[in-house]
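User: I would like a close look at a single part of a structure. Please keep the sentences short and explain the terms as you go.
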Amino acid sequence: LSLVGSEMCIRDRFKELEDSFDDVAPKMIDAALPVYQKAMEQSIKESVSSAPEAVKRQTSGLVKSLTVRKAKQSDTNAYIGNIVFVGKDPKGSPNVVKAMGLEYGNSHQIPSPFMQRAVNSCEKNVLAKMEEVFNREVKQ
């Protein structure tokens with residue numbers, strides 16, 4: 001009898017989580033994005049500082065172009081938040097193209113990966129921030 005009672009309690013708890021998921025998930029992502037943004041900024045600075053002078057001149061505005069886009073629900077009902085490179089440099093080159101050149105290299109420069117390094121450096125802090133929001137919102 002207690003097992004049946006426990007099963008009902010667990011089922012009710014999951015139902016409660018399911019009902020609040022659409023409210024909690026975007027809050028978790030939005031709280032974690034600034035942590036990731038800081039890690040990206042630091043990783044870009046490290047990559048640019050160790051790059052040849054020509055690359056430094058081309059990529060110096062990347063940190064300023066980083067922009068957080070709040071979490072939205074996708075067509076597949078997943079919640080996704082983004083950090084994107086916006087704008088162009090004074091010569092008209094899109095910052096996103098410069099970021100891809102820095103990350104993957106091109107005919108003028110060798111790759112200087114910064115994205116995965118940023119993810120690796122902040123993964124624990126991002127998860128901790130998301131868990132903090134989850135616990136606060138769901139009131140565990």
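How many aromatic pairs does the count come to?

Analyst: The count comes to 2 aromatic pairs. Rings of Phe, Tyr and Trp (its six-membered ring) pair if their centres lie within 6.5 Å; planes under 30 degrees apart count as stacked, over 60 as edge-to-face and the rest as tilted.

First, some ground rules. This is a predicted model, so local features need pLDDT of at least 70 and side-chain atom pairs count only at pLDDT 80 or more, while totals for chains, interfaces and linings use all residues. Residues are numbered from 1 along each chain as its sequence is written, and side-chain values use heavy atoms, with hydrogens and water left out.

Now look at F85 and F114. Their ring centres are 6.2 Å apart and their planes stand at 90 degrees, so this pair is edge-to-face. F85 sits in strand β2, and F114 sits in the loop between α4 and α5, so the pair ties together parts that are 29 residues apart in sequence. Helices (H or I, at least four residues) and strands (E, at least two) are DSSP runs, numbered from the N terminus.

Are these two rings buried or exposed? F85 counts as buried, because its relative accessibility is 11%. F114 is buried too, with a relative accessible area of 0%. Buried means under 20% relative accessible area, exposed over 50%, and partly exposed in between (1.4 Å probe, protein chains only).

Next, the surroundings of the pair. F85 and F114 are among the residues with the most contacts inside the largest nonpolar core, along with M40, I44, L62 and L66. That core has 22 residues. α1 (2–49), α3 (62–65), β1, β2, α4 and α5 each supply at least two of them. The largest share, 8 residues, comes from α1. A nonpolar core is a set of buried Ala, Val, Leu, Ile, Met, Phe, Trp, Tyr and Cys residues joined through side-chain atoms within 4.5 Å.

L66 links to F85 as well. Leaving aside residues up to four places away in sequence, L66 touches Q37, M40, E41, I44, I83, V84 and F85. Contact means heavy atoms within 4.5 Å.

Step back to the whole chain. The chain has 5 helices and 2 strands. From the N terminus, the elements run α-α-α-β-β-α-α. Of its 140 residues, 30% count as buried. Among contacts with a separation of 6 or more, residues 24 or more positions apart account for 57%.

Compare the surface. V96 lies in helix α4 (residues 95–104). V96 is partly exposed, because its relative accessible area is 39%. V96 joins V97, M100 and Y104 in a nonpolar surface patch, with about 380 Å² of accessible area together. Patches are made of residues with over 30% relative accessible area and no salt bridge: like charges are joined within 9 Å, nonpolar side chains (Val, Leu, Ile, Met, Phe, Trp, Tyr) within 5 Å. A salt bridge is a side-chain nitrogen of Lys or Arg within 4 Å of a carboxyl oxygen of Asp or Glu. Accessible areas come from the Shrake-Rupley method with a 1.4 Å probe; for residues, only the protein chains shown count as cover.

One last spot is N77. N77 lies in the loop between β1 (66–73) and β2 (79–85). N77 has a positive phi of about 70 degrees, although it is not a glycine. At 53% relative accessibility, N77 counts as exposed.
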